[in-house]
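Got your viewer open? Let's take a walk through this model, one selection at a time.

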Amino acid sequence: MQLTVLINNNTLIDRYFSTEPGLSFLIEDGAFSVLFDTGYSDLFLKNAHKMEKKLNHLDFIVLSHSHLDHTWGMEPYLRYLTELEIEHRPFSRPALVTHPESLTGVSAYGLRDQRIIDVIGGFHLLSPPKPQLEGTISYFKDLNPKSVHACHCTDLASKIALSKVVPLKEVGVGLCLQYKE
């Protein structure tokens, strides 16, 4: 399985992609492709094009929650599919999957029952209250993942605190992670 970061708050050094305060990942595994969130605009489409990633044959679009920085790219994506149809170019209509609580905000369910190789995402730790940061650090310490890629909506102080209990890795637009079973 491969995960490619299409949108994040920053890019990797010497990778010349566009960035915005949003999140979008492309997850590919031979048999399927998933667009996880769409960022804030059409930049995920532009970055995917620069990376030679095809978004015209997605199986699923997953929206983690209803914040605009994760969902506003849907309108440009629908426009993209409409243009493909007008031009008689091949495309598939992906299934839309939303979190059961996507209309009310972010929520997280326990990951402890699974073997955790990596955790990647925005942890909503922007100047968090001390109990929230301590709870998150405690959770990750107990979880003991092989690596953590803290990105969007995670400030530097929170990343530094996380790095004391887990192997924290760099994240930016253009990052491509390979996961083997």
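Start with strand β4 and strand β5: Phe60 sits opposite Ala95, a residue of β5. Before you go further, keep in mind that this is a predicted model.

**Stop 1: the open sheet**

Now select all of β4, residues 60–63, together with β5: the two run parallel and are joined by 4 bridges. Zoom out and you'll find that they belong to an open sheet of 6 strands, with mixed pairing. To follow the sheet across, colour the strands in the order β5-β4-β3-β2-β1-β8. Which strands stand at the edges? They are β5 (95–98) and β8 (176–178). Each has a single partner strand, so one side of each is left without a neighbour in the sheet. Try looking along the sheet, too: from one strand to the next, the twist averages 20°.

Next, add helix α1, residues 43–50, which packs on the sheet. Show its contacts and you'll see α1 touching β1 (2–7), β2 (24–29) and β3 (32–36). The direction of α1 makes about 125° with that of β1.

**Stop 2: helix α4**

Select residues 130–143 to pick out helix α4, which has 14 residues. From its first C-alpha to its last, α4 reaches 20 Å, close to the 20 Å expected at 1.5 Å a residue.

Which residues of α4 are buried? Show the side chains of Leu133, Thr136, Ile137, Phe140 and Leu143. These residues cover an arc of only 130° around the axis, which puts them on the same side of α4. Now spin the helix to the face turned away from that buried side, where you'll meet the exposed residues Lys130, Pro131, Lys141 and Asp142.

So what covers the buried residues of α4? The cover includes β6 (118–121), β7 (147–150) and α5 (156–163). Before moving on, click on Asn144, which follows α4: its phi is positive, near 55°.

**Stop 3: β6 and β7**

Keep α4 on screen and highlight β6 and β7, which pair in the parallel sense over 4 bridges. For one of those pairings, select Gly121 and its bridge partner in β7, Ala150. Trace the chain from β6 through α4 to β7 and you've followed a right-handed β-α-β crossover.

Last, show the side chains of β7. In a regular strand, side chains alternate between the two faces of the sheet. Here, Ser147 and His149 lie on one side, with Val148 and Ala150 on the other. Are these four buried or exposed? They're all buried, as both faces of β7 are covered.

Methods: Residues are numbered from 1 along each chain as its sequence is written. This is a predicted model: local features need pLDDT of at least 70, side-chain atom pairs count only at pLDDT 80 or more; totals for chains, interfaces and linings use all residues. Side-chain values use heavy atoms; hydrogens and water are left out. Two strands pair if DSSP finds at least two bridges between them. Axes are lines fitted to C-alpha atoms, for helices over the stretch in contact, and angles run from 0 to 180 degrees between N-to-C directions. Contact means heavy atoms within 4.5 Å. The expected span of a helix is 1.5 Å times one less than its number of residues. Buried means under 20% relative accessible area, exposed over 50%, partly exposed in between (1.4 Å probe, protein chains only). The arc is that of the directions from the helix axis to the C-beta atoms. A crossover is right-handed if, with the strands pointing away from the viewer, the path from the first strand over the helix to the second runs clockwise.
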